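Me: Please take a close look at one part of this model with me: the aromatic side chains.

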Amino acid sequence: MPVTSREAPQTGKLIKATRNVFLVDINHRIVSCSIRGKLAGASGDKNFSLKVGDDVKARLISEEEGVIEEVLPRRSQLSRAVEGKAYREHLIATNIDQILIIMSARRPAFKSGLLDRYLVIAQKNRLNAVICINKIDLADPEEFEEYASWYPRLGYPLFFTSALRREGIDKIKSILQNKVSVLVGHSGVGKSLLLQRIEPGLDLKISSISDKTRKGRHTTTHVQLFPLSFGGYIIDTPGVRELGLWDIYRDELKDYFVEFQTFGEDCQFNNCRHIKEPGCAVKAAVGEGKIFAERYQNYKNIFNDLRAASYEMIRRR
Ligand code: GDP
Ligand code: ZN
């Protein structure tokens, strides 16, 4: 593609940031950019820094080089707490559309407790979440009927794949298309094989970067967006995969179980944590089958795991 106008800035997406070099995807072309000096302070925030996922306006100075002149408003962000004395947030990436949670039907066994932990992270970051149960060739989909009926009703679409048999790949592609998605899921569920099915070659690119960053301490600083040939981006780095629950406080946990909002309004106490309090409408709803009992149990388990302060979780890890 010829450089049509060196004058007019073009809109692109920041896919990788190192200290001095910013890679921006402009219409499927990766341009190496610097920042115009005043950009840093332009937003009025002294600590402002460009983050992967930012939509920017860059002026091209050659086929492969440009200067970032402006950052467009952020639509969403994914962050985690930084280990330390005081709560400090580390912004991982911006403008994320969804979290794609990969679980497996077997090997490793499906555990809704794990799924609900990922959903808590999604909810805390106010991100949409989609659930994929892979390795369905090893199980009977009917075993997952309850999950397939409950989770979509809560706003979390759920579908099955077999990376091995190449089943459900078009479905995953349609979900990823033209969106920025964070891929999460425990080791061994089939993320690499799924990626290979979705976009051949991409899994190798990602794993070579992952191996490099795994050795470093600050894995989340190496977050990178991988463009998909059919439109959209994937974030898949060890730092993001290992997102924990350690920056979540006990008392706020109930806010991340969406269905508790509806029933919770009728609890006797307005600060009800839905554990042992009398007159708890959430517990009543569980008894009446209006709330998925397994999820309520997961809530209690996570609640117990999150002993008092979040930073105890760090030490226990
Ligand atoms: P990752 O750690 O999440 O990236 O998982 P991998 O993609 O490395 O897969 C772990 C193992 O599960 C490998 O031996 C894969 O061949 C296998 N696997 C992946 N997807 C499937 C699937 O859909 N069905 C079956 N039976 N095995 C799968
Ligand atoms: Zn209650």
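Is Phe 260 buried or exposed, and at what relative accessibility?

Reply: Phe 260 counts as buried, with just 2% relative accessibility (buried is under 20% relative accessible area, exposed over 50%, partly exposed in between, with a 1.4 Å probe and protein chains only). Keep in mind that the model is predicted: local features need pLDDT of at least 70, side-chain atom pairs 80 or more, while totals for chains, interfaces and linings use all residues. Residues count from 1 along each chain as written, chains are lettered from A and ligands numbered from 1 in written order, and side-chain values use heavy atoms, without hydrogens or water.

Now for the rings: there are 14 aromatic pairs (Phe, Tyr or six-membered Trp ring centres within 6.5 Å; planes under 30 degrees apart are stacked, over 60 edge-to-face, the rest tilted). Phe 260 and Phe 257 make a stacked pair, because their centres are 5.2 Å apart and their planes meet at 20°. Phe 257 is buried too, at 0% relative accessibility.

Phe 260 also pairs edge-to-face with Tyr 299, at 5.0 Å between centres and 85° between planes. That contact ties together distant parts of the chain, 39 residues apart: Phe 260 belongs to helix 8 (residues 258-264) and Tyr 299 to helix 10 (residues 293-305). Helices here are DSSP runs of H or I, at least four residues, numbered from the N terminus. Like Phe 260, Tyr 299 is buried.

Elsewhere, Phe 110, Phe 144, Tyr 147, Trp 150, Tyr 151, Phe 160 and Phe 292 are joined by ring pairs into a cluster.

How values were computed: Helices (H or I, at least four residues) and strands (E, at least two) are DSSP runs, numbered from the N terminus.
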